[in-house]
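Open the model in your viewer and show the side chains as sticks. The tour below goes from one pair of charged residues to the next.

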Amino acid sequence: MDKESNGQVFYPLHMDHVPEYFYQKALSELNETPETREVELNKLKDLLSADKLTTGIEFEEDFLQQFLRQRKYNSLKAFQCLQKYLNFRRSHSSIFQSIPDEHFKRSPSTELLSVLPYRCPDGCAIILCELGKWNPNDLSLEYLKRGAMASFLQPLRCPMTQITGYKIIHDFKDTFKHIRYCTPQNVLLIYNAAFELLSLISSKSNNVGSESISGKSSSISSISDLSSVIIKLTNSARL
């Protein structure tokens, strides 16, 4: 159900349709028409069937659509983008595996990443990252990587998010204790995931820092105000 606050409409995260405004946005910005969507999707499937890396693999259409939308329905560019994604996944297969269920029952660390139930007025989904909640004694670094990958990729299966992208609110409070995990290997993985993988899939994604590492408030007051509204809507949805 849509909600309004201060004259702005906040769409829910889970949507079974694309509102007319965002449909027109996809038409004008992504070259998306019913005919183009069908033709380029079939071309992409043909390219995948002919490639030795992907032949025989049945890809779900909503998964393929995110690559087509990101490349404005150019099937060849979408195919190249998908190849890079699959190569990354092959090179880092462990972080695409699941986390045992018991960690979600006993570890508060699994709450550090939240996909909020309401979107920004521009339609973007919102991911709240509170890294200070992470306790390495409760949740291993490997499981943290898996949770992050799932949290960042899963929202992109939604057509609305494929069109609008998402924003990430970073809360850096109490994170200085994790500085020892900023090894060259981990920093390189973050770089590859953020700038090579996620940017391939969603050109609309962007980051917002809600606090500095020292815990001081951000100087971007509009973002702060928007964040508070979103969190209020989130809290009301949980009641």
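Is Arg146 buried or exposed? Select Arg146 in this predicted model: its relative accessibility is 12%, under the 20% limit, so Arg146 counts as buried.

Keep Arg146 on screen and add Glu142. The two side chains form a salt bridge, with 3.6 Å from N to O. Both residues lie in helix H6, which covers residues 141-153, and they are 4 residues apart, or about one helical turn. Glu142 is partly exposed, at 27% relative accessible area.

Next, select Glu32, Arg37 and Arg69. Salt bridges with shared partners connect these residues into one network. Within this group, look at Arg37 and Glu32, whose side chains meet in a salt bridge of 2.7 Å, N to O. Glu32 is buried, with a relative accessibility of 3%. Arg37 has 25% and counts as partly exposed.

Now move to Lys133 and Glu130. What joins Lys133 with Glu130? It is a salt bridge, in which the closest N and O atoms are 3.1 Å apart. Lys133 is partly exposed, with 39% relative accessible area, whereas Glu130 is buried at 18%.

To finish, zoom out to the whole structure. A search of it finds 10 salt bridges, among them Arg37 with Glu32, Lys133 with Glu130 and Arg146 with Glu142. Side chains of opposite charge can pair when their charged atoms come close.

Note on methods: Residues numbered from 1 in each chain as written. Predicted model: local features only at pLDDT ≥ 70, side-chain atom pairs only at ≥ 80, totals over all residues. Heavy atoms only, no water. Salt bridge = Lys/Arg side-chain N within 4 Å of Asp/Glu carboxyl O. Buried < 20%, exposed > 50% of the residue type's maximum accessible area, 1.4 Å probe, protein only. Helix = DSSP H or I, 4+ residues; strand = E, 2+ residues; numbered from the N terminus.
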